[in-house]
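Let's take a walk through this protein model. Have the viewer open and follow along.

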Amino acid sequence: MKNYLSATEVRVGINFGEGVQTVGRLAVREHKIYFEYDSAFIKSGIEISPLRLPLLSGVQSFDHDLFEGLPGVFNDSLPDGWGRLLFDRLIRSQGILPSDITPLDRLAHVGSHALGALVFEPDHSAYDTQGDINLDNLASQAQEVLDGTSDDVLAELIALNGSSAGARPKALIGVNEKRDHIIHGLHHLPAGYAPWMVKFPNSQDGLDAGAIEFVYALMAKEAGITMPDVHLFQAERGAGYFAIKRFDRDGDKRYHMHTACGLLHSDFRTPSLDYEDLIALTGMLTRDVREVEKLYQLAVFNVLAHNRDDHSKNFSYLMDSQGGWKLSPAYDLTFSSGPRGEQSMMVMGEGKNPDTSHLLKLADEAKIKKDRALEIIESTKSSLSKWPELAKQYAVSDMNIELIQSKISWVAGE
């Protein structure tokens with residue numbers, strides 16, 4: 001049995017694709033977590049989490065209950081939702097209670113396979129998973145786990161999950177240029193293959209959930225939002241599996257990835273942020289008005305498209321090896337309801353029914369001229385008007401076409 005309970009200290013490194021550079025070390029003593037930067041890394045001047053884990057010498061400790069006491073930057077490397085469920089099921093099957101597992105044990109389990117560029121030692125993530133993948137088989141195995149009827153596929157599903165977050169079952173895959181061959185995507189990929197992530201429906205989703213997210217991605221691109229490549233893979237049952245190309249990888253190059261949730265130490269399960277906060281964060285991190293405008297475009301799309309699950313884990317920032325930050329491409333854009341049916345991310349104080357007036361106030365806060373803000377709003381409305389046609393083309397159910405149209409038309413058609 002793999003020793004899941006051995007990590008009282010974890011060494012943190014960062015790998016931008018040119019080898020691992022030591023960042024520092026984490027330790028747990030009497031249920032409290034401590035971190036100390038490596039002196040050579042401090043001299044590099046690279047801030048991996050400038051707000052909550054400043055580049056200082058000496059030991060830093062953390063009293064907060066959020067993230068089980070971890071700094072947000074390292075919590076971003078841990079899976080939640082589906083990935084946590086898989087790992088907790090696996091250790092239960094081996095006679096270990098999840099409550100006995102520390103956050104450092106979980107980081108050691110992620111090891112070198114976190115999303116982004118951070119790596120952790122000891123590395124307990126070694127999975128010998130290679131070869132072809134059948135998405136229908138994977139979807140079936142994921143459903144068995146959700147139903148609680150199968151434990152024998154847990155290790156393989158965990159290996160495919162990496163440290164991806166969110167409630168839906170996911171797998172990290174390698175896809176060839178023609179998008180007609182899929183292999184395990186956790187290890188180094190052969191020439192001609194790129195790293196992607198594919199999603200499967202959870203227990204609450206309909207079989208057209210993948211098609212809905214795919215159409216939303218097409219509409220977002222049409223509206224001018226920066227999106228990774230997306231694809232709808234054919235499925236035996238339902239309208240298809242939604243897949244998105246990973247943006248934390250570019251060939252051999254890797255980017256450090258940090259969510260707004262981790263940067264701000266904001267609990268995404270109890271939303272308290274406003275797009276105004278994200279505007280300020282984007283400006284502070286990137287120092288680039290173009291990145292601020294990208295964030296604004298995303299806010300407009302989420303509001304008008306009724307994507308109300310726009311919590312702080314669904315906004316990320318990428319840092320390169322020189323320490324430069326930019327807003328990540330958009331992800332998790334789909335029709336959704338937030339807490340109590342409200343927008344998870346408020347718009348200038350409004351969560352229940354934000355509209356164009358709130359978006360224009362947000363533009364003013366972001367120092368975006370009114371004419372440009374109106375142009376972005378109109379472009380988004382135009383892209384959303386294609387919903388019925390695109391949804392029908394990609395086999396979204398008639399019921400969902402009508403439901404989503406009724407929710408986006410009253411805002412988009414103002």
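What follows goes from the cores to a helix pair and then to a residue on helix H10.

First, some housekeeping: this is a predicted model, so local features need pLDDT of at least 70 and side-chain atom pairs count only at pLDDT 80 or more, while totals for chains, interfaces and linings use all residues. Residues are numbered from 1 along each chain as its sequence is written, and side-chain values use heavy atoms, with hydrogens and water left out.

Start inside. The largest nonpolar core (buried Ala, Val, Leu, Ile, Met, Phe, Trp, Tyr and Cys residues joined through side-chain atoms within 4.5 Å) has 101 residues, and Tyr 296 is among those with the most contacts inside it. Its largest share, nine residues, comes from helix H10, residues 289-304 (helices are DSSP runs of H or I, at least four residues, numbered from the N terminus). Leaving aside neighbours within four places in sequence, Tyr 296 has contacts (heavy atoms within 4.5 Å) that include Ile 279, Leu 359 and Ile 377. A second, separate core of 30 residues includes Ile 133 and Ala 142.

Ala 142 turns up again in H5, where Ala 142, Val 145 and Leu 146 meet Trp 82, Leu 85, Leu 86 and Arg 89 of H3. H3 (residues 82-93) and H5 (residues 135-147) pack at about 70°, with their axes 11 Å apart. The two are therefore roughly perpendicular (65 to 115 degrees).

Back on H10 sits Arg 290. Its relative accessibility is 59%, so Arg 290 counts as exposed (over 50%, with buried under 20% and partly exposed in between, using a 1.4 Å probe and protein chains only).

Terms used
Axes are lines fitted to C-alpha atoms, for helices over the stretch in contact, and angles run from 0 to 180 degrees between N-to-C directions. Angles under 35 degrees count as roughly parallel, over 145 as roughly antiparallel, 65 to 115 as roughly perpendicular and the rest as oblique.
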